[in-house]
Amino acid sequence: MPEGHTIHRAARDQRPMLIGHVLDISSPQGRFLEGAERISGHVCKAVEAYGKHLLYDFSNGMTLHIHLGLFGKFRAIKVPADEPRGAVRVRMISATHVVDINGPNTCEVLDMSGRDKLVARIGPDVLRADADREKAWKKISKSRSAIGQLLMDQAVIAGIGNIYRSEILWRQKLHPNVAGKDVSREAFEQIWDDSVALLEKGVKHNAIITVDGAVKARSKYGERVNIFNKPSCPACASAIRRFEIAKRRAFACETCQIAPEI
Ligand SMILES: [Zn+2]
């Protein structure tokens, strides 16, 4: 699943292609015909990322809400438009570019109150300048749930996905099974600041890079991550423990990240 940096990167890339343009919007695949009709022919005013949600705001007060889910993809090319590739749910054409969205988990048109409700239920996004980290701290510091689970809960803190979750906790030497209420304020501040730094790096390079000093490499994870899907810890050489939290693969070095006593 794309993590928050992918969505912010898409917003950054698509803004100059779409904002200020009257968009011709269609659904080549046919599953979004009514929705496309409600926003086609209007000016795109903003493209905003909140966690893993992308919102396109239009001059008629309507918003296109996209959540890619596990299989969704964006594709952007310069005009002229080519033949749609695969099942294109939404095609947006500006004077300069074509943006196609295939296989999104959510694709809907919201009015202003629907947009407000959606944004209100998404937790503070580490990549947004207007994020309120106090909101995340309030939820985490009161929770008996594991920090490894809370970091993936998009209503608590938005943008962190499965790979960043394992990497950030390893970097902060915090075991994923530690309960939220047992995380110190200081550790929370470090998690937040490290999340901002790592995800900003992810937006810049369009890749997850959590090893200090590493640059984008050809391999998918390779030398760019510390413990995700790795056999041993780069700090102490202990074997990495693999387990599941919230139905997703999680990794920890139980020498560097001491497991809580139960
Ligand atoms: Zn270690």
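Here are two short exercises on a sheet and a helix pair, each with a worked solution.

This is a predicted model, in which local features need pLDDT of at least 70, side-chain atom pairs count only at pLDDT 80 or more, and totals for chains, interfaces and linings use all residues. Residues are numbered from 1 along each chain as its sequence is written.

**Exercise 1.** Work out which strands stand at the edges of the open sheet.

*Solution.* Start with the strands, which are DSSP runs of E with at least two residues, numbered from the N terminus. Pairing requires that DSSP finds at least two bridges between two strands. The open sheet has 4 strands in the order β2-β3-β4-β8, with antiparallel pairing. β2 (44-50) and β8 (106-110) each have a single partner strand, so they stand at the edges, with one side of each left without a neighbour in the sheet. To check one pair, look at β4 (residues 63-67), which joins β8 in the antiparallel sense over 5 bridges. There, H67 stands opposite T106 in β8.

**Exercise 2.** Classify the angle between α1 and α7.

*Solution.* Helices are DSSP runs of H or I with at least four residues. Fit axes as lines to C-alpha atoms over the stretch in contact, taking angles from 0 to 180 degrees between N-to-C directions. The axes of α1 and α7 (residues 185-205) come within 8 Å and cross at roughly 45°. Angles under 35 degrees count as roughly parallel, over 145 as roughly antiparallel, 65 to 115 as roughly perpendicular and the rest as oblique. Therefore α1 is oblique to α7.
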